[in-house]
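Got the model loaded and a selection box ready? Let's walk through it stop by stop.

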Amino acid sequence: MTAGLWEHWVLPGIWITIQLTLYSAALATVVAFGIGIARTHHLRVVRFFAGFYTEVFRGTSSLVLMFWIFFVLPQLAGWALVPMWAAVLALGLSYGAYGAEIVRGALNAVAPAQREAGVALSFTPWQRMRLILLPQAVPEMIPPFSNLLIELLKGTALVSLLGIGDVSFAAYLVRLATTESAEIYSITLVIYFVIAFLLTRGMRVLERKAKAGIGQKPEPGVGILRRLNLRKTTEKPSNVIVGGGGS
Amino acid sequence: MNNGTDKWDWGAVSDFMPHFWDGVLVTLQVLALGSLISFGVGLLWALAFRAPTRFIRWPVGIITEFIRNTPLLVQLFFLFFVLPEWDIQFSAETTGILAIGLHYSTYTAQVYRAGIDAVPVGQWEAAKALSLSYPRTWTAVILPQAIRRVIPALGNYVIAMLKDTPLLASIGVLELLQRSRLEAAQTFQYTEALTVVGVAFILIAYPSSLLLRALERRLVR
């Protein structure tokens, strides 16, 4: 592979992949907190619609959703999004639905006495959420969010099928240019792995800070892969897994 | 027949339905075979995590982490383009099944591992006290207890796999998404075929997840 291919396709591709990941993660976070908090709302209607949203977006395939936003939405709505933003919208909405389950789970895991204490002190529901529940729930959300972030990173590869020039698309072009597949696809896989590794390091720092804020220590990594360990094993045998294979 | 800019055309839906059912068949076939591979290979990974020597544990740990943290789509292209260069010829569908099965085996491996870790130490000790052989300890004592607990979690990954089968459209496997794209390319009506496919995924995935939740309540404890 020549320096030109590297400079013109692969490097910009890496940058687009990173941008896609960050923007979609930002949108997904907003959606996750919005829907997740709505699922603990006291009105049944609100809970129902939030639950409906999560089931729909968790139920459908993110690639199908992406094609739908890309090809069908313009026909139904009469306007089209720039490809990049269509992709961010699709990824953010579907991974936000997975994130909402994490938010809901963490909120429900806060000891009930904490909420009752808030009621006893006559906090408004919003004050309870902001001052009591969220500060305790957020540090618990970070490890599963970290896993979801990697799923999201892997999900961004789908945009190459829409012709957006991310690193997977660059790999495809390089393959056509060099008629050599093994090298470029191995490099691409390594690039994704390195980005995933860096993202988890970042999330680990975030977790340590968040847990220090409420006086806890993060659990140490387990097992042989402590140094390389990208994910905490969040699965419990009885656990209905949140996230899980976006792409 | 309307042109593509109209809002919704039921005629296009009924035209698409025969292709839709063919697509469902392919999707379910990929899903079934992919699941089998992922269950089998995942169990092998999980046993290797517990291997007595680190010369097995470490490489297996690194390989599975690598597969788990890189995109299925790129792995799919890797297998699809690189295997023929090494003179290994598979059909697109076989390649897709292998890619999905292998990718998800690294997830099921973690599920099995969690299940195996949850078997009480006393069970291992009892097997040792009865002087059961190593293979016998696994097959008669540990695995039957571990697998029972992890069935719902495995089911979750089958649903996740279902939602990843559309990726196979990228290498030309005639599953649901590819059928809808072909239909759209012929009729210039993207709306109907793609919407039908999207709704179909929800209609399969949501009841299955309800079923799993019910199963979980029965199987776990």
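**Stop one: the annotated span**

Select residues 14-200 of chain A: the C-alpha atoms at its ends lie 17 Å apart, and the span is 83% helix and 0% strand. Helices and strands here are DSSP runs (H or I over at least four residues for a helix, E over at least two for a strand), numbered from the N terminus. UniProt, in an unreviewed entry, lists this stretch as "domain: ABC transmembrane type-1"; positions follow the numbering used here, feature names are shortened, and annotations may be inferred rather than shown by experiment.

Some ground rules before moving on. This is a predicted model, where local features need pLDDT of at least 70 and side-chain atom pairs count only at pLDDT 80 or more, while totals for chains, interfaces and linings use all residues. Residues are numbered from 1 along each chain as its sequence is written, with chains lettered from A and ligands numbered from 1 in the order in which they are written.

**Stop two: all of chain A**

Widen the selection to chain A, and you have eight helices and zero strands. Of its 247 residues, 45% count as buried (20 or more other C-beta atoms within 10 Å of the residue's own; exposed is 12 or fewer, partly exposed is in between, and C-beta atoms are placed from the backbone). Among contacts between residues at least 6 apart in sequence, 79% join residues at least 24 apart; a contact needs C-beta atoms, placed from the backbone, within 7 Å.

**Stop three: α1 against α7**

Now pick residues 3-38 (α1) and 167-178 (α7) of chain A, whose axes come within 7 Å and cross at roughly 160°. That makes α1(A) roughly antiparallel to α7(A) (an angle over 145 degrees). Axes are lines fitted to C-alpha atoms over the stretch in contact, with angles running from 0 to 180 degrees between N-to-C directions.

Show side chains for the contact: α1(A) brings residues including Trp9(A) and Ile14(A), and α7(A) residues including Phe169(A) and Leu173(A). By class, that's ten nonpolar, two polar and no charged residues (nonpolar: Ala, Val, Leu, Ile, Met, Phe, Trp, Tyr, Cys and Pro; charged: Asp, Glu, Lys and Arg; polar: the others, Gly among them).

**Stop four: α5**

Jump to residues 112-120 of chain A, helix α5, which is hardly covered: zero of its nine residues are buried. Following α5(A) is Ser122(A), with a positive phi near 50°.

**Last stop: chain B meets chain A**

Bring in chain B, where 55 residues are in contact with 45 residues of chain A. Color α8(B) separately, since α8(B) gives the most to this side, with twelve residues.

Key: Angles under 35 degrees count as roughly parallel, over 145 as roughly antiparallel, 65 to 115 as roughly perpendicular and the rest as oblique. Two residues are in contact if their C-beta atoms, placed from the backbone, lie within 7 Å.
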